[in-house]
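Subject: Structure handover

Hi,

Here is the structure I promised to pass on. Have a look at it first, and then read my notes below.

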Amino acid sequence: MTPSDAAAEHAEELRAVRTELDHARTVVAGAGKRTDDLLESLPAPGHRSWTQRATALAAIDATRVLRAAFLGAHAEAVYDELTAGRTRHLRVSELVRAAAAAFPGLVPTEEQLTAERSLPQAHKEGREIDQGIFLQHVLCSPQAGTHLLDAMLRPTPRALALLPAFRETGRADLASVRLERTGAVARLTLCRDDSLNAEDNQQVDDMETAVDLTLLDPVVEVGLVRGGEMTHPRYRGRRVFSAGVNLKTLHGGGISLTDFLLRRELGYISKLIRGVRTDVAPAWRSSTVEKPWIAVVDGFAIGGGCQLLLAFDHVIAAADSYLSLPAAQEGIIPGASNFRLTRAVGPRTARQIILEGRRIFASEPDARLLVDEVHDHPALDIAVERAVERLQGSAVLANRRMLNLAEESPDAFRTYMAEFALQQSLRLYSSDVIDKVGRFAAAPPPAAAGTDARG
């Protein structure tokens with residue numbers, strides 16, 4: 001086939017994917033199969049010649065143009081088919097699996113993703129980018145996107161299974177989070193003690209489970225999150241809040257777009273702000289259960305740990321702690337921080353933190369834009385208990401709901417997350433990120449607090 005013939009065929013396919021849905025899905029399936037067949041005929045990504053890489057990239061790009069055009073015309077119809085007219089509440093990971101089965105060639109299959117899961121990030125085809133394209137179009141739709149956000153606010157099956165035992169005992173020991181109820185307070189202790197509470201898929205699952213349990217237990221009035229004592233050799237016996245994303249896991253290909261990056265933002269962090277949806281209240285009342293949340297920062301809150309603080313009602317920090325969002329160093333987007341940080345610190349300081357990697361030390365004045373109280377270690381526990389007492393009460397709940405609504409409308413959040421889904425998927429497979437996380441993962445542990453720490 002000559003280049004002009006290929007261009008004409010591509011133009012015809014572009015027209016076809018914007019026509020009637022059943023015909024359009026057949027065109028997408030055919031294009032996806034051609035591209036998959038081509039990729040299978042080539043060496044693995046890490047072993048391709050320059051010419052082979054160019055051939056693969058041209059085919060992948062052309063197919064993505066078709067997928068985007070298809071979704072631009074049919075995203076709502078696709079979503080309605082997958083969710084039975086929006087009567088099924090599929091979470092992000094469930095939605096992309098359903099799309100792979102119902103619309104071949106649109107997003108990667110579970111088999112394709114499983115095959116890549118064991119590979120280092122640098123050796124993957126970047127199939128998650130197609131999930132990013134799909135989810136961008138879904139979230140851009142006011143109807144489909146709003147329904148998906150609603151689905152992500154529902155309690156997880158794991159939390160529902162653990163809820164009876166938690167209500168009886170007041171304890172839940174998860175892999176990376178310990179949850180204990182004392183009086184009306186649910187205390188979530190981050191306990192990845194060997195990796196400075198660096199985040200991975202497991203930690204996101206555990207945090208969402210713990211947040212659900214906290215919100216669903218009627219005895220609990222306030223949630224409290226704090227890092228536990230570390231066994232990491234540089235911080236042994238000291239509390240640490242969070243070192244952010246686990247760069248070793250990212251380098252090894254174990255950080256998922258849907259199960260980590262999107263689930264984290266649309267799942268438990270969104271639940272911290274908006275509550276968990278239960279559908280047990282009368283139709284005229286809100287169907288979400290919300291509670292106030294307190295965070296205590298010991299040591300540092302780096303990356304995802306700092307992102308998390310923007311969702312809390314009250315933040316207490318140790319006087320020797322610091323906060324940072326090293327997005328420029330890591331090359332990825334720091335979750336919804338670009339959406340929320342300006343509101344907290346103003347546009348100039350937000351750019352210094354995100355674009356230039358500025359650290360905010362608890363001892364400096366600008367820290368008071370991100371934390372509510374700063375105390376020396378002996379006074380931290382007393383400050384925590386006083387904050388817990390202040391945040392109890394039904395009037396607190398009603399007012400935090402109105403504050404959150406005024407600060408962050410669901411539509412504005414949905415629009416941000418639509419673009420985030422695409423841009424973060426692209427960043428995961430960019431050459432600079434692959435190079436940077438490889439160097440971070442190979443670096444020795446930090447010598448002391450005040451340096452970026454990773455598991």
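How much space lies in the second largest cavity? About 40 Å³. Before I go on, please keep in mind that this is a predicted model.

Cavities

The second largest cavity is lined by E265, I269, Q307, L310, G335, A336, S337 and R340. Sorted by class, that lining comes to three nonpolar, three polar and two charged residues. Two helices, α11 and α14 (337–345), each put at least two residues into it.

Searching the whole structure turns up four cavities of 30 Å³ or more. The largest cavity holds about 150 Å³ of space. Its lining is made of 20 residues, and those nearest the centre are V245, Q307, I332, I333 and P334. Q307 is therefore a residue to click on for both voids: it is part of the lining of the second largest cavity, and it is among the residues nearest the centre of the largest one.As for which elements build the lining of the largest cavity, α11 (257–274), α12 (304–309), α13 (327–330) and α18 (410–428) each supply at least two residues. The largest share is from α11, with four residues. By class, the lining of the largest cavity splits into ten nonpolar, six polar and four charged residues.

Cores

Helix α11 turns up again in the packing. The largest nonpolar core has 106 residues, and F70, F134 and L188 are the ones with the most contacts inside it. The element that gives the most to this core is α11, with nine residues. Apart from the largest core there is another one, of 13 residues, with V185, I294, A318 and L380 among them.

If you want one residue to start from, try F70. Leaving out residues up to four places away in sequence, F70 touches V17, L21, A24, R25, V28, A75, V78, F103 and L106.

A helix on the inside

Is helix α7 (residues 142–152) largely enclosed or largely open? It is largely enclosed by the rest of the structure, because eight of its eleven residues are buried. The buried ones are A144, G145, H147, L148, L149, D150, A151 and M152.

Two backbone oddities

Next, a pair of positive phi angles. A84 is not a glycine, yet its phi is positive, at about 55°. You will find A84 in the loop between α3 (50–82) and α4 (92–102). With a relative accessible area of 42%, A84 is partly exposed.

N197 also has a positive phi, near 55°, and is likewise a residue other than glycine. It sits in the loop between β3 (185–190) and α9 (201–216). Is N197 buried or exposed? Its relative accessibility is 2%, so N197 counts as buried.

A few single residues

D372 is in the loop between β11 (360–361) and β12 (373–375). Its relative accessibility is 33%, so it counts as partly exposed. Which residues does D372 touch, if those up to four places away in sequence are left out? They are D313, H314 and V315. With V315 there is a specific atom pair to look at: the side chain of D372 reaches the backbone nitrogen of V315 at 2.7 Å. For a longer distance, take D372 and R348, which are 24 residues apart in sequence and 20 Å apart in space, C-alpha to C-alpha.

K248 belongs to helix α10 (residues 247–251). It has a relative accessible area of 47% and is partly exposed. From K248 to G170, the C-alpha to C-alpha distance is 34 Å, with their positions 78 residues apart in sequence.

S256 is in the loop between α10 and α11. At 12% relative accessibility, S256 counts as buried, since the cut-off for that is under 20%. Not counting residues up to four places away in sequence, S256 touches E128, N201 and L261.

That is what I have for now.

Cheers

How values were computed: Residues numbered from 1 in each chain as written. Predicted model: local features only at pLDDT ≥ 70, side-chain atom pairs only at ≥ 80, totals over all residues. Heavy atoms only, no water. Buried < 20%, exposed > 50% of the residue type's maximum accessible area, 1.4 Å probe, protein only. Contact = heavy atoms within 4.5 Å. Polar contact = N/O pair within 3.5 Å; in protein donor to acceptor, adjacent residues only side chain to side chain. 1 Å grid on protein atoms, 1.4 Å probe; cavity = no way out; pocket = protein on both sides within 12 Å on 5 of 7 lines; lining within 4 Å. Points joined across faces, edges and corners; volume = space filled by probe spheres on them. Nonpolar A, V, L, I, M, F, W, Y, C, P; charged D, E, K, R; others polar. Core = buried A, V, L, I, M, F, W, Y, C linked by side-chain atoms within 4.5 Å.
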